[in-house]
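Here are my notes from going through this one. Have the viewer open while you read, and follow the points in order.

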There are 2 protein chains.
Amino acid sequence: MSLIVQKFGGTSVANPERIKAVADKVAKYKSQGHDIIVVVSAMSGETNKLVSLTQEMMTQPDPREYDIVVSSGEQVTSGLTALALINLGIKAKSYAGHQIKILTDDAYTKARILSIDNKKINTDLEQGYVIVVAGFQGVDKNGDITTLGRGGSDTTAVAIAAALKADECQIYTDVDGIYTTDPRLVPEARKLKSITFEEMLELASLGSKVLQTRSVECAGKFKVKLRVLSSFEAAGEGTIITFEEDEKMENPIISGIAFNRDEAEVNILGVPDKPGIAYQILGPVADANIDVDMIIQNIGTDGATDFTFTVHKRDLKKTLDILNSKVKDHVGAKEVLSDDKIAKLSLVGVGMKSHAGVASKMFRTLSEEAINISTISTSEIKISVILEEKSLDDAVKALHKAFELDKNITI
Amino acid sequence: MSLIVQKFGGTSVANPERIKAVADKVAKYKSQGHDIIVVVSAMSGETNKLVSLTQEMMTQPDPREYDIVVSSGEQVTSGLTALALINLGIKAKSYAGHQIKILTDDAYTKARILSIDNKKINTDLEQGYVIVVAGFQGVDKNGDITTLGRGGSDTTAVAIAAALKADECQIYTDVDGIYTTDPRLVPEARKLKSITFEEMLELASLGSKVLQTRSVECAGKFKVKLRVLSSFEAAGEGTIITFEEDEKMENPIISGIAFNRDEAEVNILGVPDKPGIAYQILGPVADANIDVDMIIQNIGTDGATDFTFTVHKRDLKKTLDILNSKVKDHVGAKEVLSDDKIAKLSLVGVGMKSHAGVASKMFRTLSEEAINISTISTSEIKISVILEEKSLDDAVKALHKAFELDKNITI
């Protein structure tokens, strides 16, 4: 008998019929003798509806009140899911984040989980209950409701799996696993049986959108066994996210190609090349709770350097306001530029570590397609480039083919 | 400077525009230097939508989960109202029932408030915040969310006014005060400037639907000054609900005519007339959390008596099941009958105490209209009759005219 955490996203609980289908799935696992904790998102569309309501009240909604409104969506689904289970004759109980003390910091709208009180859940599990937890939400030390940011229900599931020492955390989505790239763009994209946490982290944060980055980080940190599965297809083992140490894992050079159209590029040109300059630029941006993704600083000439980073498109205006009002003159920069017609593309693979030539093959392929790259950034297991948004599709297709990702190659 | 609790019902917060209008109204009072606590219901239609969702999951929804789902409606409105206030430059904070420990018993779906923790609210008021509280909900000693039953937001408002020792509790509704009877039925119905708690209690519990009975009980118990006002009309002082001791009050013989089409009559015939029989009949009904309204027992002949009571129509089937399975044979009753095509009509007025002839005038009027009465029940300030549902409109009109309720008569 195992303890399994099962997370169902918005499309999986989109309407009463789907919630009943979720209950059927949970009931099947329960009847096999497992202990089950279910984590649910809001019914799809519901969060957007609530967000719109807050914006009708205030253009930039106060974050504390925003969280109170928006967190209600998951509360509704958790109760409905428990009802669907009870209707099948299964003992079930739902909990909102504050009821099982999913303690977070007070960074409303993007809070981080600090701890979870497992007492109530353990008592209920011992009594045979299936526990349904409202995802995406927590409570800060003052008892104020917080939310974890979009996709936060994944993080809730992983954090609960860690706190309760669950045997497996299953993330049910509208895809049946992790693919080498988006199958809607590249029909030959292949489902991966397994992927390492490191790779998954790069893929998720770069836009593969199957799992929230923080949930993968959290799973890696607490060694939670994570599995991505389809909500809608009965069969299939999905993709398991493994620890790199696992020697039996499938280990191709490149696991996948991630891409992202949501970001904008910001360039601060002619910055005096002094120690602490990165902090002076990014500090005020971070203080405004704006997430910065890629950061590139080139070596300077004439004592000056160019500094580039990317932010979500929706944060671009705010970022430029901050840079122009608080940063530009302060650091003595010449110019602040931006571009929101860009896309980011990343090749990801742990095999890259031990294989030379990946970067050059990548750049050759893009060059053969006459695709121009504006910025390059690399890590141990990833090469990211920024290119024009309109070239993205061609770039992904060409690279998927060049690296033979449709074939199951292991090293 | 006063502390005012202002409660806005579902139609007053039906959509973003109305919520903004509520914020304008609150802002006006705040600018006059008052401290304000706002209590809000769910946006109209929202609670029904949530109830339907629970019923799609389960025909008789588990009450604990039902409360979790249904309470979310008020949480949303509280956050939105706070946002609308903040947007006007007013410091505002919303709280769900559990956040200010509106402690209730655990009678899910119809819980009763036991206490309210006023610490957080007092601190916030001192700092100049307008507090917005989600009505209709509380939390039991286990931390489970409870709801107070339909119209429970009135009770929330009064309980908060009592706990915070507010100077006045204003209930904003879609009517501009308490009328001598429903103006939709009798166009000559007149708005009362004041009414006693006792009268209001009789009127509210008998179906005048402006205020929830329990809220009036609670206001009377804790001497909360209650005022009913229109959400939609700027002017007007509404109707104030006074203590009987107040000598200046308008005091007609009859204050109003209440009526109610929601009840069904249950008759238990041929019950042996023994001590404790009422408890033996009503105990099992109360245990099933069914509210009983009128109770009539006639003096018996041949050692047997007939016992009549009314319940809400929706509880009739359950009540009959209980009576037939647990009560009928146990108490040795001959027959259990019921009728759901009835209506209840009540004349209410403190003046009745000192004026004879009210009952006979009432019965004469109904007789002249050839309206048949099945059951009569009286109290110090009320005469209630049960009659055929189809005769109700004629009865109300005839009595309103006979007692000259369209004229402002004081004794």
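**Notes on the helix packing and the chain contact**

1. Let's begin between the chains: H4(A) and H2(B) cross in a right-handed sense. Keep in mind that this is a predicted model. The helices in question are H4 of chain A, residues 72-87, and H2 of chain B, residues 46-57, with axes that come within 8 Å and cross at roughly 30°. Angles under 35 degrees count as roughly parallel, so H4(A) and H2(B) are roughly parallel to each other.

2. Who does the touching here? On the H4(A) side you'll find A:Val76, A:Leu80, A:Leu83, A:Ala84 and A:Asn87, and H2(B) answers with B:Leu50, B:Leu53, B:Thr54 and B:Met57. Sorted by class, the residues of this contact are 7 nonpolar and 2 polar, with no charged ones.

3. Zooming out to the whole contact between the chains, 28 residues of chain B are in contact with 28 residues of chain A. On the chain B side, H1 (16-31), H2, H3 (63-70) and H4 (72-87) each supply at least two residues. H4(B) brings the largest share, with 11 residues. The class split for that side of chain B is 15 nonpolar, 10 polar and 3 charged.

4. Now the symmetry. Chain B superposes on chain A with a rotation of 179° and 0.1 Å of shift along the axis, at an RMSD of 0.2 Å. The two copies are thus related as by a two-fold rotation axis. If you want to find that axis on screen, go to B:Ser72: in chain B, its C-alpha is the nearest to the axis, at 2.7 Å. Both copies use the same surface, too, as 100% of the contact residues of chain B recur in chain A.

5. Within a single chain, chain A is divided into domain 1 (3-174) and domain 2 (246-411). Taken over C-alpha atoms, the centres of these two domains of chain A are 33 Å apart.

6. One more helix pair, this time inside chain A: H9 (residues 277-287) and H10 (residues 316-331) pack at about 150°, their axes 9 Å apart. With over 145 counting as roughly antiparallel, that makes H9(A) roughly antiparallel to H10(A). This crossing is right-handed.

7. The H9(A) residues in that contact are A:Ile277, A:Gln280, A:Ile281, A:Pro284 and A:Val285, while H10(A) offers A:Thr319, A:Ile322, A:Lys326, A:Val327, A:His330 and A:Val331. By class, the contact of H9(A) with H10(A) has 7 nonpolar, 3 polar and 1 charged.

Definitions and conventions: Residues numbered from 1 in each chain as written. Chains lettered and ligands numbered in written order. Predicted model: local features only at pLDDT ≥ 70, side-chain atom pairs only at ≥ 80, totals over all residues. Least-squares fit on C-alpha atoms with pLDDT ≥ 70 in both. Contact = placed C-beta atoms within 7 Å. Axes fitted to C-alpha atoms, helices over the stretch in contact; angles between N-to-C directions. Helix = DSSP H or I, 4+ residues; strand = E, 2+ residues; numbered from the N terminus. Parallel < 35°, antiparallel > 145°, perpendicular 65-115°, else oblique. Left-handed = near helix turned anticlockwise from the far one by under 90°. Nonpolar A, V, L, I, M, F, W, Y, C, P; charged D, E, K, R; others polar. Domains from an automatic or database assignment.
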